[in-house]
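Trainee: I'm new to this one. Could you show me how to read it, a feature at a time?

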Amino acid sequence: MREFVLWFDQYRESDKPRVGGKCASLGELIAAELPVPPGFAVTVEAYDTLRDDTELRSNVRKALAEVDLDDPDSLELTSRYVRDLIEASPMNPEVERAVKASYRELCAACGVEDVPVAVRSSATAEDLPDASFAGQQDTFLWVRGEDAVARAVQRCWSSLFTARAISYRHETGHDHEIISMAVAVQKMVHPKAAGVAFTLNPTDGDRSQIAIDSSWGFGEAVVSGEVTPDNFLVDKVLFEITRRTISPKAIEYVLNGSDRVEKAPVPDDRRLAPSLTDHEIVAVAKMAKRAERHYGRPQDIEWALDRDLPEGDNVVLLQSRPETVWSRRAPRPVARPGQGLLDGIVSTLLSPVHTRDRLATTEGSDM
Amino acid sequence: MAERRFPSPFEVEGPGGSEGWEELYTYSLPFSEDRRSYEESVFWFQDGIHWPDPLTPWDATWYEYAIASLSQYNTRHYLIPPALGIDYRVLYGYAYLTPVPVTDPAEIEARVPQFMERAGFYFMNWNDLYDRWVAKIKDLIAEMEAITFEPLPEKEEMEVITEGRGMGSGLKIQEDYRRLLNLALKLWQYHFEFLNLGYAAYLDFFGFCKEAFPNIPDLAIAKMVAGVEVDLFRPDEELKKLAEKAVELGVEDAFDAPSAGDVFARLEGTPWMDAWNEAKYPWFNFSTGGGFYHQDKIWIDHPEIPLGYIKNYVAKIKAGEDIHRPLEELRAERDRVVAEYEALLATDEDREAFRQKLGLARTVFPYVENHNFYVEHWSHSVVFRKMRELGNVFVKEGFLESTDDVFYIKRDEINEALWDMYSAWAVGTSPRGTEYWPREIARRKRILDACKQWNAPPALGEPPEVVTEPFTIMLWGITSDSINMWLGAGDGDGGGDLNGFAASPGVAEGPARVILSPDQIGDLQPGEILVAPITAPSWAPVFGKISAAVTDIGGMMSHAAIVCREYGLPAVTGTAFATTTIENGTRIRVDGSTGTVTILD
C-alpha cells in the first residue's frame, strides 16, 4: 500500500529511501532526542502520483525533448514551462488529503492555528547534484494554512526541473522520468537569532572546539552568506567561550507585517550587538556536541533560537550533517614517533610553546 | 618597527628622598657603573610575583638566596640546555630579573645529553627523591627550631669552667646566627632541587595539548594536572574542621570575644583547644603574604587572623551552608575532562603520548603545588621567629628600638653587630651599636618609605624580539604578549579596559575593593570584587565572600587563578595595572573568559 505521508518520529530503517536524505536525518535526530521541531515527510510515492497524469507526462516529455541544452534562454524557458505545468496540474486527491490532514494534526499538536511550517525538498541522493543545490532553490518559509502547504509541496516537486537540474541530469545521463523526491514539512520556529555550527574549528581543524556562526533573525542570512555573522569558539569539554568576534550584521530575515519572511536592514542598535548571550552560546555548543556524539563524527549543524520557547529550552536543531573538509583529511598526529618523554622535555625547553605561537604569527604578519 | 623600549636602569628617575638606597643591600645587588655596559644591554623585568614591595635589608636575603639557588640548578646541576641562571638586581628597593640564555648553539647541543642524564635520573626516581625531600625539609626545620638566641649572660655558668669547655656564649650566638643563615641557604637549595624540572615536565604536557588542540583554554590543561588534595589547601581545611568542631561542641559563642586572648580564655580546657593546638603546628605557619617579607603576618603568631576566619565559617555552618570542598566531584570532573580530551586526539599514538606526559606532569605536580607550604610558609615562619628572637636580644642590649628593626640590618652586618655586642660584653665596656643602629635604622626607614612611593616600571632596558627563555615563561609567565602589553600601557590610550590572563571563567560586576596589603583583607564586603597586586594562599577564606578577583601579577597557575576556579569565581590575573588604575568602590566588570576588566563608572 502506498503511504504518502510519514511523520519524522515514525520511520523505520527501510523508510529512508522513501523520505529522502533531509527527512531521514531529521527523523534520526528526533530519535536521538535532539530538539528538532516536529513535522512530516511527503514521501516519494506522493511525487510519483504525478506519473499517473498521462497528459502532464506527455507534455513534459515533449518539452524536454525539444530543449536546446546549449542555449541558456531555451533552457530557462523550458524549465519555467515544465514547472508551470507541474504546479498547475491538480494534486492527486489522496495525496492532498493526506498532506492536509497531517498539517492539521501538526497544528493541533503544536496548539497553534495554521502553524507556520518550512516546506523543503528532501532529495534522494541520485536525483540532484548535491544537497546544498536542492536546499537553496526550493525552501518555502513561513507557510501557513493547508492550501498553502499543499501548494508549496507542488512547488518543491517542480523544482526538480530547474534549468540547472535539467542540464545536470542530461550531462550525467539520468532519466528525467524516473527521478523522484520527497518533501519535508516542518514546524517553523520564529528565531531571535540563528546560524550554523561546526563541531570543530574550521580554521585549524581543532576538534576540541565548537565554532558557531550566528546572526539575527532567520538562519537564511547566515546559510546564504548574505551577512557576516558573529563568530564564537567554545571549548567542547569545558564549554568555555575561547574566542568571540562580533561582526556588523547589516541585514536579517524577519517576518514582515503581512506575515511573510523578508530581508530587512538590521536597526543600528543591534548591528554590533552580540546576537547570542553567553548562556545561549553555550546552549548551542552543548546541542552541537550532542549531535556529534550521536553520529560519532564531527558535524555541521543548523540551529535557531526560538522566541516562543522558554529561555534555557529555546535552542532548536534544524539540520545536522557530517563535516566534510577536515574529516576527509588524514589525521595530523602530534606525537613524534620514537620520541621519549625526555626528548619531549628537551624540545619543550628549546622551544616553549608560547614562542612557537609567537614566531608563527610574527612570520605571518611581517610583510 | 618603532623604537619601543623600557627605560634604562641608569636613566630611570627614582623617588625623592631615596638617596643612599644602594647601601641597604649587599654591594653586588644594586645596578652599578662597574657593570653598566652589561646591565644596560639586557632586558630586566620586575618580579612583582614574589617581591612587589621594596625590600628591607635583611629580607633581601630571601631574594638573593632564592634566585642564586634557582640559577645554580640550571647552570651547574642539570645543565638546562638553553638556559643558565636568572641574574638579579635591586633598583630603589625593587627586585629586577633577567634570564641568562645559552646563546651558542654548539654549547646548547653539548648540554643536551648531560641534561638528559641528570634530569632523567630525577624524573625516573621522582617519588623516592620527593619522599626523601620531605624528610630532609623536616629535619632542616627541626634544626632551625633548635636554635635559640638569648642575651649574653652576666657571667658564664659554672659548668663552662668545670667541663673545661674553653669557650663562651659570645661565640655561640655568632655561630648560631651563621648556622641559621646557612640553613636558610640550604632551604633554598632544597627548594629548587625539583622545581625547575617539575615546571619543565608540566610545560611539556602543556605544549603537547596546545599543539593537539590549538584553542584549548590554558585552564583546561591546569585542571587536568592539578591535584585535588594539596598541602597548600590544608591550612584552610584545618580552619573548616575547627569551625565544625566548635559547632559540634556548642562553643561557637566564644568566637564573639573581643580578642584572640579572650577567645582562648573562654575555650581553655575544652577539647576544642586540643584540636587547635594539634592543627596549629605546622599548618598555621602560614603567611598572609608570599612568605618573603617580615611584615607579612603569620597565622600562628597572629591567631586573631585564623580565629576570624573560623568565626566566618561557623556563621556559614549555622546558615546551613556546606563548607567542604566537594572532593569527589572535583575528582570526577578532572577524570571527565581528561577522558574527553584524550578521546578527541587524532591517533592512538597521540593518546599514548598524552597519557605518558600527563602521567609525568601529575608525578611532578605534587612538588610544584606543595613545596610552597614547606618552604615559603613553614620554614620562613621559623626563620622569621628566630630572627625576632635575635631582634629581642638586640632590643635588650639597646641596639634596636623594636624587635622588627632587626630586618633593617643586612644579613652580614648582623655578624658585625653581634661582634660589636660580643666585643663590648667581653671587654666590659659600651658597644657602639647602641648609638649607631638606632640612628642608621631611622635613616633606612626613611629611605624605604621614599622607595615605597615609587611606581616601579614593570621592565627595564631593551625588550627581546621574542621571549624564548623557558623559565621566564614558566616561572614568571612573561611572554612576548605581556611585554607588548606593558609597552602599550605607557601610551595612555588604553581606554577603560584592562587586559590580563583569562584565569577563571565567568562574568561578574560589582564594586572593586583594592587590597594592597594583607592587613586590609578585613575591609572586604560580601559581593565585592577583590583587586590586589597578588593574592596569597592564606587568603583562601575570603574567596567565599567575593564575587570575582583581579590581580596585577600572575598567570593561569597563580594562586588567585587556582582558587577562583575552585570557587567558580571569575578571575583575571596579570593585568599589571589593576591596583593603580582601579579605585576603591569603582564598579567594574570582570570577564574571566576573555581576560578583560572593564571600568563601568
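**Reading a helix, a fold and an interface**

Mentor: Sure, let's start with one helix. In this predicted model, the buried residues of α15(B) are Gly433(B), Trp437(B), Ile441(B), Arg444(B), Ile447(B), Leu448(B), Ala450(B) and Cys451(B).

Trainee: How should I read the spacing in a list like that?

Mentor: An α-helix takes 3.6 residues for each turn, so residues three or four places apart point the same way. Here, Trp437(B) and Ile441(B) are among the buried ones. Part of what covers the buried residues of α15(B) is α14 (411-427) of chain B.

Trainee: What span should the 20 residues of α15 in chain B have?

Mentor: At 1.5 Å a residue, helix α15 (residues 433-452) of chain B should span 28 Å, and its end C-alpha atoms are 27 Å apart, which agrees.

Trainee: And how many helices and strands does chain B have?

Mentor: Chain B has 19 helices and 12 strands. Its radius of gyration is 25 Å, close to the 25 Å that the globule rule gives for 601 residues, so chain B is as compact as a globular protein of that length. As for burial, 47% of the 601 residues in chain B are buried.

Trainee: Now the interface. How many residues of chain B are in contact with chain A?

Mentor: People often give an interface's size as the accessible area lost when the parts come together. Here we have a residue count: 48 residues of chain B are in contact with 34 residues of chain A. On the side of chain B that touches chain A, α6(B) gives the most, with 10 residues. That side divides into 31 nonpolar, 9 polar and 8 charged residues.

Key. Residues numbered from 1 in each chain as written. Chains lettered and ligands numbered in written order. Predicted model: local features only at pLDDT ≥ 70, side-chain atom pairs only at ≥ 80, totals over all residues. Contact = placed C-beta atoms within 7 Å. Helix = DSSP H or I, 4+ residues; strand = E, 2+ residues; numbered from the N terminus. Nonpolar A, V, L, I, M, F, W, Y, C, P; charged D, E, K, R; others polar. Rg over C-alpha atoms; globule rule 2.2 N^0.38 Å. Buried ≥ 20, exposed ≤ 12 C-beta atoms within 10 Å, placed from the backbone. Expected span 1.5 Å × (residues − 1).
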